[in-house]
Amino acid sequence: MNLKNSQLEVDNWIKNHGVRYFNELTNMAQLTEEVGEVARIIARRYGEQSEKESDKNKDLGEELADVVFVVLCLANQTGIDLQDAFDKKLDLKTNRDHDRHQNNQKLK
């Protein structure tokens, strides 16, 4: 996965199709809203809540992409190299959790 290119694509989209980035607080609120939409689909489609007829055509992939888009916006406007941050996080998790999950009896 190349997050660096994704960040550039989002930045180009904002420059060519948007006026500017929403401020960070607005984007945080938007991220919360988008995560809520993902949660609604998952709770009703895969959880125990019943799914309303009007929700059956909602596209989980589209909603997840909305989350990624806003995360990329936030990374761009706060100067975060998300590829570098992600690579560091994956290394940390790999070293810290190398055998943690294999040894978790709850997952067997």
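Is Asp97 buried or exposed? At 8% relative accessibility, Asp97 counts as buried, because buried means under 20%. Keep in mind throughout that this is a predicted model.

**View 1. Asp97 and its contact with Arg96.** Let's stay with Asp97, which sits in the segment after H4. Its side chain meets the side chain of Arg96 in a polar contact of 3.0 Å. So here we have a residue that counts as buried, with 8% relative accessibility, and that is joined to Arg96 through side chains.

**View 2. Helix H4 from its start onwards.** Helix H4 takes in residues 82–96, which makes 15 residues. From its first C-alpha to its last, H4 reaches 20 Å, and that is close to the 21 Å expected at 1.5 Å a residue. Look at the start of H4 and you'll find Asp81: one of its side-chain oxygens comes to within 3.1 Å of the backbone nitrogen of Gln83.

**View 3. Lys89 and Leu90, two residues of H4.** Lys89 is part of helix H4, and so is Leu90. How much of each is open? Lys89 has a relative accessible area of 45% and is partly exposed. Leu90 also counts as partly exposed, at 45% relative accessibility. To get a feel for distances, pick out Gly79: it is ten residues from Lys89 along the chain, and their C-alpha atoms are separated by 17 Å. For Leu90, try Arg44, which is 46 residues away in sequence and 31 Å away in space, C-alpha to C-alpha.

**View 4. Where H1 meets H4.** Two packed helices are described by the angle between their axes and the distance between the axes. For H1 and H4, the axes come within 7 Å and cross at roughly 150°. How do H1 and H4 run, roughly parallel or roughly antiparallel? The cut-off for roughly antiparallel is over 145 degrees, so H1 and H4 are roughly antiparallel to each other. As for handedness, H1 passes H4 in a right-handed crossing.

**View 5. Where H2 meets H3.** Helix H2 covers residues 24–45, and its axis comes within 9 Å of the axis of H3. The two axes cross at roughly 160°. That makes H2 roughly antiparallel to H3. Is the crossing of H2 and H3 left-handed or right-handed? It is left-handed.

**View 6. Glu51 in the loop between H2 and H3.** Moving along to the loop between H2 and H3, you come to Glu51. Glu51 is partly exposed, with a relative accessible area of 22%. Arg40 is eleven residues from Glu51 in sequence, and the C-alpha atoms of Glu51 and Arg40 are 9.1 Å apart in space.

**View 7. The aromatic pair of Trp13 and Phe69.** How many aromatic pairs does a search of the whole structure find? The search turns up one. The ring centres of Trp13 and Phe69 are 5.7 Å apart and the ring planes stand at 90°, so the pair is edge-to-face. Trp13 belongs to helix H1 (residues 3–17) and Phe69 to helix H3 (residues 60–77), so the pair ties together parts that are 56 residues apart in sequence. Neither ring's residue counts as buried: Trp13 is partly exposed at 42% relative accessibility, and Phe69 is partly exposed at 30%.

Terms used:
Residues are numbered from 1 along each chain as its sequence is written. This is a predicted model: local features need pLDDT of at least 70, side-chain atom pairs count only at pLDDT 80 or more; totals for chains, interfaces and linings use all residues. Side-chain values use heavy atoms; hydrogens and water are left out. Rings of Phe, Tyr and Trp (its six-membered ring) pair if their centres lie within 6.5 Å; planes under 30 degrees apart count as stacked, over 60 as edge-to-face and the rest as tilted. Helices (H or I, at least four residues) and strands (E, at least two) are DSSP runs, numbered from the N terminus. Buried means under 20% relative accessible area, exposed over 50%, partly exposed in between (1.4 Å probe, protein chains only). The expected span of a helix is 1.5 Å times one less than its number of residues. A polar contact is a pair of N or O atoms within 3.5 Å; within protein, one must be able to donate a hydrogen and the other to accept it, and residues adjacent in sequence count only if both atoms are side-chain atoms. Axes are lines fitted to C-alpha atoms, for helices over the stretch in contact, and angles run from 0 to 180 degrees between N-to-C directions. Angles under 35 degrees count as roughly parallel, over 145 as roughly antiparallel, 65 to 115 as roughly perpendicular and the rest as oblique. A crossing is left-handed if the near helix is turned anticlockwise from the far one by less than a right angle, and right-handed if clockwise.
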